[in-house]
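The exercises below ask you to read a fold and a ligand site from coordinates. Work through each task with the structure in view before turning to its solution.

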Amino acid sequence: MKFSAWGRYPVIEANPVHFQNIDTLAHSIQDRQNLIPYGNGRSYGDSALATQYAPQRSRDRMMAFDESSGRLTCEAGVLLSEIIATFLPRGWFLKITPGTKLITIGGAIASDVHGKNHHVEGCFSECVEEMRVLQPNGEILVCAKGDELFHATCGGMGLTGVILDARISLKKVTSKNINQTTIKTKNLRETFEAFEEYSHMPYSVAWIDCLATGNNIGKCLLMVGDFADDMHLDYKEKKRLTIPCNFPSFALNNLSVKAFNWLYYKKAPAGVSHQKVDIDTFFYPLDAINNWNRIYGKNGFTQYQFILPKEVSFQGLNEILGTIAQSGKGSFLAVLKLYGKANQNYLSFPMEGYSLALDFKIEKGLFNLLDHLDQIVLRYGGRIYLAKDVRVSKETFEQGYPHIEEFRTFRKKMGLDTKFNSLQSKRLSL
Ligand SMILES: Cc1cc2nc3c(=O)[nH]c(=O)nc-3n(C[C@H](O)[C@H](O)[C@H](O)COP(=O)(O)OP(=O)(O)OC[C@H]3O[C@@H](n4cnc5c(N)ncnc54)[C@H](O)[C@@H]3O)c2cc1C
């Protein structure tokens, strides 16, 4: 069966390994080598791709909720959207959420995802109090912060066993709405000044015009916000639009991206403006369109996401944005975020600094450009995000992740290195 993740590149032949319960899942693992757990396929690259994958969406029960503390115990196949639909009307929301709610709890832990509030709340692992992980020998291990299994599994890309369920803490909120402030900047210097000025705000994210050149490099719309206190908790998901088929691959080109960027930037009011928007508009704008990944055409696309240490972020981003603009390989989705301190997990992506994520359609010359960008990222002491990656080299990856040898040693010690593997783990010898 043809199989790919969100970037629709690469497409491989693969077989799902179905199971009825934990016992049959354990047996399937014992009988096989090189299997990978699969959540909802929202990772962009090849971290969830292998010729044998174990789909986890069917494990979707919520088992317990403590209304006084906001602690939820649920199976790893539950989607963030299901948690929001159930608990937002009761005044609870996720402490950490990425830019899509269509991912599973298992996927959120395995990538140790981050949101627009990393500078305040950290990664998803911060809200995980305990989890159960199925091991190659069929044993179910319980782990929490401080245990090596926990720190290897959070950010461990499905390579430390199957996450079965977790107890996570939710946060109390007073609305389904966000009071948003939008700041329009003219260049990267203004963008950085605005991020720092508003760094006390719990949520922030900037859309960057990555094709701007000269004095306008780094111009952006920075959106910051916090939950409103209007007690409007009557949350219902809106109907989604659908992209019915692949766009022709010529549709996205330098000109169309330039035109989109020009319009998007122009329609925002100058200076500082204020809006009240709902959580879906603020956190999950792309979820409004089913199959939006088809606009990149039948060859698929990839997201290039890197992070740079704070003290060199301005200089590094200036160089990288200049290189991208010069290449003419534009991306209309270019998102800049501010990050707080790194955590202790072996392979978690964030470090204190700024991260940029850009979508590129797969086309001739793209990987040469990305290899070139990798060298700039490494020169500034940065790293690439595994949840988005499909092509980074082992050498580049290793230079960015100082705890990789501890991760590899742990995998060997637990007998995980031959059992759980993805295309990505093979490429990077994880
Ligand atoms: C529109 C969009 C916006 C995004 N925004 C962000 C963002 O802001 N921040 C961010 O950090 N990420 C972001 N992502 C990436 C996404 O959050 C991660 O890739 C996430 O891991 C996907 O989860 P999934 O359930 O779809 O898992 P999959 O894509 O199916 O798998 C991802 C990884 O999780 C592992 N895995 C899944 N389930 C289990 C399990 N039960 N046990 C063990 N391992 C498991 C897989 O083996 C694989 O390595 C975004 C993705 C999209 C499409």
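**Exercise 1.** In what order do the eight strands of the open sheet lie, and is the pairing parallel or antiparallel?

*Solution.* Before starting, note that this is a predicted model, in which local features need pLDDT of at least 70 and side-chain atom pairs count only at pLDDT 80 or more, while totals for chains, interfaces and linings use all residues. Residues are numbered from 1 along each chain as its sequence is written, and side-chain values use heavy atoms, with hydrogens and water left out.

Step 1: strands (E, at least two residues) and helices (H or I, at least four) are DSSP runs numbered from the N terminus, and two strands pair if DSSP finds at least two bridges between them. Step 2: following the pairs gives the order S16-S12-S14-S13-S19-S20-S18-S21, with antiparallel pairing. Step 3: strand S16 (272-278) and strand S21 (383-384) each pair on one side only, and these are the edge strands. Step 4: inside the sheet, strand S13 (residues 203-208) and strand S19 (residues 334-339) run antiparallel and are joined by two bridges, with valine 335 in S19 as the bridge partner of tryptophan 207.

**Exercise 2.** Work out the arrangement of the open sheet that three strands form.

*Solution.* Step 1: the order is S3-S5-S4, and the pairing is parallel. Step 2: the edges are strand S3 (15-16) and S4, each of which pairs on one side only. Step 3: S3 pairs with strand S5 (residues 52-55) over two bridges, and asparagine 15 has glutamine 52 as its bridge partner in S5. Step 4: S4 and S5 pair over four bridges, again in the parallel sense, and tyrosine 38 stands opposite proline 55 in S5.

**Exercise 3.** Describe the surroundings of the ligand, from its shell to its polar contacts.

*Solution.* Step 1: taking a residue as near when one of its heavy atoms lies within 4 Å, 36 residues surround the ligand, and the closest are Pro37, Gly39, Arg42, Ser43 and Thr104. Step 2: a polar contact is a pair of N or O atoms within 3.5 Å; ligand oxygen atoms lie 2.6 Å from a polar backbone atom of proline 37, 2.9 Å from one of glycine 41, and 2.6 Å from a side-chain N or O atom of serine 43. Step 3: taken alone the ligand exposes 970 Å², of which the protein buries 98%, the areas coming from the Shrake-Rupley method with a 1.4 Å probe. Step 4: strand S4 (35-38), helix H3 (105-110) and strand S11 (162-172) are the elements that give two or more residues to the shell.

**Exercise 4.** How is the protein divided into domains?

*Solution.* Step 1: the division is into domain 1 (56-174) and domain 2 (177-399), with bounds from an automatic or database domain assignment. Step 2: their centres, taken over C-alpha atoms, are separated by 24 Å. Step 3: with contact meaning heavy atoms within 4.5 Å, 36 residues of domain 1 are in contact with 39 residues of domain 2. Step 4: the shell around the ligand draws at least three residues from each of these two domains.

**Exercise 5.** Examine two backbone features in loops.

*Solution.* Step 1: most residues other than glycine have a negative phi, and most peptide bonds are trans. Step 2: a cis peptide bond, with omega about -5 degrees, joins tyrosine 9 and proline 10, and proline 10 lies in the loop between strand S1 (2-3) and strand S2 (12-13). Step 3: asparagine 291 has a positive phi of about 55 degrees although it is not a glycine, and asparagine 291 is placed in the loop between strand S17 (289-290) and strand S18 (301-309).

Notes. Polar contact = N/O pair within 3.5 Å; in protein donor to acceptor, adjacent residues only side chain to side chain.
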